[in-house]
Structure formats: structure tokens, C-alpha cells
Amino acid sequence: MKESLIISPSILSADFSDIRNEIEEISSSGLDYVHLDVMDGMFVPNITFGPKFISDLRSKTDLVFDAHLMIESPERYIHDFASAGCDIITVHAEATKHLDRAINMIKEEGKSAGVSINPATSLSEIEEILPSVDYVLVMSVNPGFGGQKFISYIPDKIKRLSEMRADSGYSFLINVDGGVNLSTIELLKDTGLDMVVTGSAFFNAPDKEIFVHTLMEKFFN
């Protein structure tokens with residue numbers, strides 16, 4: 001069994017008017033990652049922020065910037081997000097006609113590369129790119145908005161992905177994004193998961209350090 005679980009709070013659920021303090025709360029809760037949901041209003045029905053916002057944040061924290069690009073043709077902006085200070089850049093398989101090119105562009109920028117798939121997208125759609133990626137992000141809600149309900153068939157999908165990884169000897173980490181809270185985390189036990197994105201459950205928690213501890217405890221026990 002793994003000894004740790006990477007938790008990456010999504011600032012999509014944070015108070016943007018107080019974003020500096022929200023970022024500091026992530027650090028003070030003992031976490032090392034922050035999830036940056038970038039939406040363009042085209043690939044998903046919402047608009048969030050771009051490279052300038054991320055660049056401004058970069059000077060305020062040492063957290064690992066885990067950027068999730070929910071944008072059409074993400075290869076157009078990979079250089080911009082890399083230059084803004086993102087450490088991990090994840091693109092959607094459904095958002096580009098040239099997934100291999102996009103992953104290679106991220107690597108050429110010296111960043112960790114991830115591929116994400118929507119809930120109903122088959123794992124077979126990304127099978128060819130698995131040897132090249134550092135992360136696979138499985139969406140457990142339909143992307144676009146925070147606070148959605150966790151989709152029940154996702155744990156089985158993650159198990160299949162974990163089996164594919166083991167069978168082929170790949171080293172990518174498996175991440176899940178959407179509806180992860182103190183109840184749904186128990187559905188993800190023993191799936192092979194390495195990382196979770198949590199949004200409203202984290203930022204709405206009265207004590208974020210206790211929330212992180214409880215989430216870990218429920219995942220491993």
C-alpha cells in the first residue's frame with residue numbers, strides 16, 4: 001500500500017477576492033500542491049483565468065502548480081502557461097487533434113505532462129500516449145463547474161487504468177478530479193490512485209488541516 005496520497009486543492013472553489021490568503025491556507029494545512037482549473041468557455045461552459053493570474057500567484061507561493069487546461073487546442077497556450085510558472089500541465093485528450101504533439105510540447109518546456117479524460121471517454125482513447133505522460137487525470141464529474149456530484153462508475157475505471165499501468169510497467173501517477181470529499185474518498189480506496197483534486201470540500205472545511213488528516217485516514221484505513 002502507498003504511504004501517502006497527493007492532495008491538490010482546486011482554487012476553482014476558493015474566494016478569488018482573497019486568493020492570497022486562500023493559497024496560504026493550502027500551505028498551512030500541510031499540502032504541497034494547488035490545482036489550477038483553466039477554462040475557456042468553449043471546451044467547457046465556464047471561464048476562469050489565464051496565464052497572467054497564474055504568473056501573479058507564482059511569486060506568492062512555493063506550492064506545486066498543477067494546471068488543468070480545459071481549453072480547446074491547448075497547444076496554442078502551452079508555452080504561456082509554462083512561462084507563467086506551472087509545474088504540471090495537463091491537457092484533455094478530447095480537446096486536441098494532436099495529443100502527442102501537445103504532450104511533447106509540455107515536455108519540451110521542461111514541465112511534467114498530464115493527460116485528462118472526461119467521465120464517458122474510454123481509456124482506449126489514451127492508451128497510445130500512456131508511455132509518454134507523467135500523470136493521468138480521470139474526471140469524476142463532467143468538467144466545467146465545481147461542487148458537482150461524484151460519478152459512481154469512476155472507481156472501476158481507475159482500477160482498470162491502474163491495471164494497465166502495472167501490466168505495461170508504466171510510471172505515470174493517477175489523479176482524480178471532481179466531487180472528492182470525506183464520503184466519496186472511501187469509494188477510491190484500493191483503486192491504485194496516487195492523487196486527488198478536492199475543491200469545495202477543502203475550502204468549505206472549518207479546519208482545513210483536520211480535513212486533510214481525515215481524508216488521508218479514510219483513504220488508507
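A residue counts as buried under 20% relative accessible area, as exposed over 50%, and as partly exposed in between. The exercises below apply this and related terms to a predicted model.

**Exercise 1. Classify Ser73 by its accessibility and state where Ser73 lies and what marks its backbone.**

Solution. Step 1: Ser73 is found in the loop that connects S3 with helix H3 (78–84). Step 2: its relative accessibility is 28%. Because this value falls between the two cut-offs of 20% and 50%, Ser73 counts as partly exposed. Step 3: the phi angle of Ser73 is near 45 degrees, a positive value in a residue other than glycine.

**Exercise 2. Carry out the analysis for Asp190 and for Glu24: which class does each residue fall into?**

Solution. Step 1: Asp190 belongs to the loop between S7 and S8, and its phi is near 60 degrees, a positive value in a residue other than glycine. Step 2: Asp190 has a relative accessibility of 65% and therefore counts as exposed, the cut-off being over 50%. Step 3: Glu24 has its place in helix H1 (residues 19–28). With a relative accessible area of 42%, Glu24 is partly exposed. Step 4: Glu24 and Thr61 are separated by 37 residues in sequence, while their C-alpha atoms are 7.8 Å apart in space.

**Exercise 3. Describe the sheet: in what order do its strands lie, and which are the edge strands?**

Solution. Step 1: the open sheet is formed by 8 strands, in the order S1-S8-S7-S6-S5-S4-S3-S2, and the pairing is parallel. Step 2: strand S1 (6–9) and S2 are the edge strands, since each pairs on one side only. Step 3: on average, neighbouring strands of this sheet are turned by 25 degrees against each other, direction ignored. Step 4: one of the pairings joins strand S7 (residues 173–177) to strand S8 (residues 195–198) in the parallel sense over 3 bridges. There, Val176 stands opposite Val196 in S8.

**Exercise 4. Examine strand S2: are its residues buried or exposed, and how do they point?**

Solution. Step 1: S2 covers residues 33–39, and 7 of its 7 residues are buried. Step 2: in a regular strand, side chains alternate between the two faces of the sheet. Step 3: from S2, Tyr33, His35, Asp37 and Met39 point one way, whereas Val34, Leu36 and Val38 point the other way, and all are buried. Step 4: S2 and strand S3 (residues 64–70) run parallel and are joined by 7 bridges; within this pair, Tyr33 is opposite Val64 in S3. Step 5: from S2 the chain passes through helix H2 (residues 51–58) to S3, a β-α-β crossover that is right-handed.

**Exercise 5. Locate the cavity space in the model: how many cavities of 30 Å³ or more are there, and which residues line the largest cavity?**

Solution. Step 1: empty space is revealed by rolling a probe the size of a water molecule over the atoms. Step 2: the structure holds 1 cavity of 30 Å³ or more, and the largest cavity has a volume of about 40 Å³. Step 3: its lining consists of His35, Asp66, Ile88, Thr90, Tyr135, Leu137, Asn175 and Met195. Step 4: strand S4 (88–92) and strand S6 (135–139) each supply at least two residues of this lining. Step 5: sorted by class, the lining has 4 nonpolar, 3 polar and 1 charged residues.

Note on methods:
Residues are numbered from 1 along each chain as its sequence is written. This is a predicted model: local features need pLDDT of at least 70, side-chain atom pairs count only at pLDDT 80 or more; totals for chains, interfaces and linings use all residues. Side-chain values use heavy atoms; hydrogens and water are left out. Buried means under 20% relative accessible area, exposed over 50%, partly exposed in between (1.4 Å probe, protein chains only). Helices (H or I, at least four residues) and strands (E, at least two) are DSSP runs, numbered from the N terminus. Two strands pair if DSSP finds at least two bridges between them. A crossover is right-handed if, with the strands pointing away from the viewer, the path from the first strand over the helix to the second runs clockwise. On a 1 Å grid over the protein atoms alone, a cavity is a set of points where a 1.4 Å probe fits but cannot get out, and a pocket is an open set with protein on both sides within 12 Å along at least five of seven lines; lining residues have an atom within 4 Å of a point. Grid points are joined across faces, edges and corners, and a volume is the space filled by probe spheres set on the points. Ala, Val, Leu, Ile, Met, Phe, Trp, Tyr, Cys and Pro count as nonpolar, Asp, Glu, Lys and Arg as charged, and the others, Gly among them, as polar. Axes are lines fitted to C-alpha atoms, for helices over the stretch in contact, and angles run from 0 to 180 degrees between N-to-C directions.
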